[in-house]
Amino acid sequence: MELTTVWFMLIAVLWIGYFALEGFDFGVGLLLPVLARNDTERRVMINTIGPVWDGNEVWLLVAGGATFAAFPEWYATLFSGFYLPLLLILVALIVRGVAFEYRAKRDDDQWRSRWDVAIFVGSLVPSVLWGVAFANILRGVPIDSDLEYVGGFFNLLNPYALLGGVMTLLLFLTHGALFIALKTDGEIRHRARALALPVGAAAAVAAVLFLGWTQLETGTVGSAVAFLGAAAALLAGLAVTVRGREGWAFVGTFVAIALGVAGLFLALFPDVMPTSLATGTSLTTTNAAATAYTLRIMTVVAVIFTPLVLAYQGWTYWVFRKRIATHHIPAAVGAGR
Amino acid sequence: MDPTDIARWQFAITTVYHFLFVPITIGLSAIIAGYEITWLRTGNDQWLRLTKFFGKLFLINFAIGVVTGIVQEFQFGMNWSDYSRFVGDVFGAPLAVEGLLAFFLESTFLGLWIFGWDRLPARLHAACMVLVHLGTLFSAYFILAANSWMQNPVGFAYNPDTGRAEMNDFAAVLLNKVQLVTFPHVVLAAYMTGAAFVVGVAMWQLGRRSSDGDRPMYRLAVRTGAAIVLASGIGVAITGDFQGKIMTDVQPMKMAAAEALYDTEAPADFSLFTLGTLDGEKETFSVTVPGLLSFLATGDTQGEVKGINDLRAQYEKTYGQDPGAAYYSEDGYTPVIPVTYWTFRLMIGLGVLASVIAAWILWITRAGRSPAGRRTVWVAMALPFLPLFANSFGWIFTELGRQPWAVFGLMTTDRAVSPGVSTGEVLTSLIVLTAVYGVLAVIEVRLLLTYIARGADPLPEPTSDVDEPGNDRPLAFAY
């Protein structure tokens, strides 16, 4: 197999890891004002993702770095082209990350409620915008023959892309609700499970519409198989939610997101960023790629270290496998004002 | 303003800001790991209380360091897309490896350390902080390798067909001679910074407690911190000296700019300070050390140091002086001299001052003494700011001293910027990020002060080390 194809697949894997993992911690942030009735319950929710959210976010950083190294032209066109959405995502991720760490540092309701807003908005913005961004990549954007993005900001806001944003938002909400159901105990667990069904049904509708649309426009046999698998996994996940099997339900949304993203990448290949201009040039795995030498070096590094990362990150989830309930939350220790 | 200037301001602001938090993270993670291991070895609870106390301060600092790091990775593509296209084949690799080796290690094991007090056996828990520190070192290594390549590009060939620099020797990029001296210099400076923070915080606590049982504990922190500041300060000076010689070799203009040396001299003097414009036109007053610049640049007090005028002529010959030439720069390959001149001095001066203060603190706290008079406390509290700002000045010197180049000899900065990004977009980004960073700085400093003032908490009632089955007690740590 061509090294450029290998790296296209590896970058797909990194985005799959990012969305399947940070997807649920976005969901938890989004559900904070919905599922929790008091501060202790909010802390239960935040502490389910406390030890892992930062590690989940690193998947994004590595996806960005790997794109820079393996497909410099893709990295350059994408990041300079999707300028304002990425700026919004950056600001959202900044305030959200600080919020998790600082929220409990003062025993003060106003302080906490401000950080709660930061967590909610910081989870909402990327949940929608990643969907919008990926939809635009698939749909094609104005890229000229110098591989420069020449569209503006509003070019990115089209019905297909907005549908993509709605889909990622609903999927992450479902994923987060099932994670809360899996990782908590008591009333909040039941509330989360009850909410997962209607939100999951809406996510399924959005996914069928968006993935179906994608399949019609740019789909391949491979992407069709992946999309069908994603739909089946999502529906199976919701079906077992009804029967109270939270672990399998979470596996369902995890697989659904993974296969959905895999399908999007299959539909994209061999382009990495197609142009919508007749006179433009599409970025492909070939014309955007780094040299074979660089790709070989990177492949060696990835083959050695990716399994190691997966092993210790998996171990973290094992260490923190216990459900958290309100009686596990210690008294607020933060200093008063 | 044109987009290049705005993008440069953004890079300067976000990078200098990010690098206020980075050295504290590198330095404190090593010190906290040291405290926790010492606690395990000695069983003395003072070390555990220091571990937890500085652990809290570490996390307040780390939170901002990690989120501002995301901006660093994104802005190469956002603001500097032509740079990214040109160097991606070389420069992207260390960045990607940094993410895979360092960021995963740091974030995963820090999560385990924060929440793992009652979940992990004590040795494993301490090992987590060691791994966090290892992650910070990996991170420093790869990002500094990337930066060293910009100072001294090696291990690549320019491909005229693709119009970009293409890597042909990754080992050469990782073992760049600039990198081999920059890495120890930066990491030792980070140890200085983290340790100076410990000294300042612990001395403040000593000053507030005229007579209580916690004094010996804070004295331990002051002593360990001051010893690390002094030892690493000496290391910073030695590695800095090596750097000077390598810099003279690969970027002679930067060395000339560090002294505002216009005419080639042998021997060349080093001025401690200068009153005047530094433009080489008018006579200036300065206090100089004879032959010192020659020594810094060549290792010989009589050595010849090339001046700006000769170097400019040489660079113009090599790279052309025609406005249409690929490397043309209005400033004639010369950086902004007052900036390089003063940042070079401030970097060295603050670093030396910090080492001297650390030596003084070690002296006055010798043999069981723990003085905490007003003056001592004030000096100790000023200490963290010296290496912190010395770091900033060092980076401003390194990066502005390379100008007008983004990659020395290969690409000028004004050709590195994103051609498709509008002035309005870059300006929006600059304003938004600066505003967010400013607000976060205020929140962070207030929170740090609150927690520093609270001091080390007493230890909770002892519980079993490891989480046992059926144990349903509250979490040892929770957000």
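I call a residue buried if 20 or more other C-beta atoms lie within 10 Å of its own, exposed if 12 or fewer, and partly exposed in between, with C-beta atoms placed from the backbone.

I worked on a predicted model, in which local features need pLDDT of at least 70, side-chain atom pairs count only at pLDDT 80 or more, and totals for chains, interfaces and linings use all residues. Residues are numbered from 1 along each chain as its sequence is written, and chains are lettered from A and ligands numbered from 1 in the order in which they are written.

**Positive phi**

I looked up Ala367(B), where phi is near 45°, a positive value in a residue other than glycine. Ala367(B) lies in the loop between helix H11 (337-364) and helix H12 (374-382) of chain B; helices (H or I, at least four residues) and strands (E, at least two) are DSSP runs, numbered from the N terminus. Ala367(B) has 4 other C-beta atoms within 10 Å, so I entered it as exposed.

I then turned to Leu147(A), which is not a glycine yet has a positive phi of about 65°. Leu147(A) is buried, with 22 other C-beta atoms within 10 Å.

**Cis peptide bonds**

I found the bond from Phe269(A) to Pro270(A) to be cis, with omega near 0°. In chain B, I found a cis bond between Gln403(B) and Pro404(B), with omega about 10°. Pro404(B) sits in the loop between helix H13 (385-402) and strand S5 (405-407) of chain B.

**Helix H1 of chain A**

I noted that H1(A) bends by about 30° at Glu22(A), the bend being the angle between axes fitted to the seven residues ending there and the seven starting there. Of the 33 residues of H1(A), 26 are buried, so the helix is largely enclosed by the rest of the structure.

I checked H1(A) (residues 3-35) against H7(A) (residues 159-183): their axes come within 7 Å and cross at roughly 80°. Axes are lines fitted to C-alpha atoms, for helices over the stretch in contact, and angles run from 0 to 180 degrees between N-to-C directions. H1(A) is therefore roughly perpendicular to H7(A) (under 35 degrees is roughly parallel, over 145 roughly antiparallel, 65 to 115 roughly perpendicular, the rest oblique).

**Chain interface**

I recorded 59 residues of chain B in contact with 62 residues of chain A; contact requires C-beta atoms, placed from the backbone, within 7 Å. H3(B) gives the most to the side of chain B that touches chain A, with 22 residues.

Technical notes
Contact = placed C-beta atoms within 7 Å.
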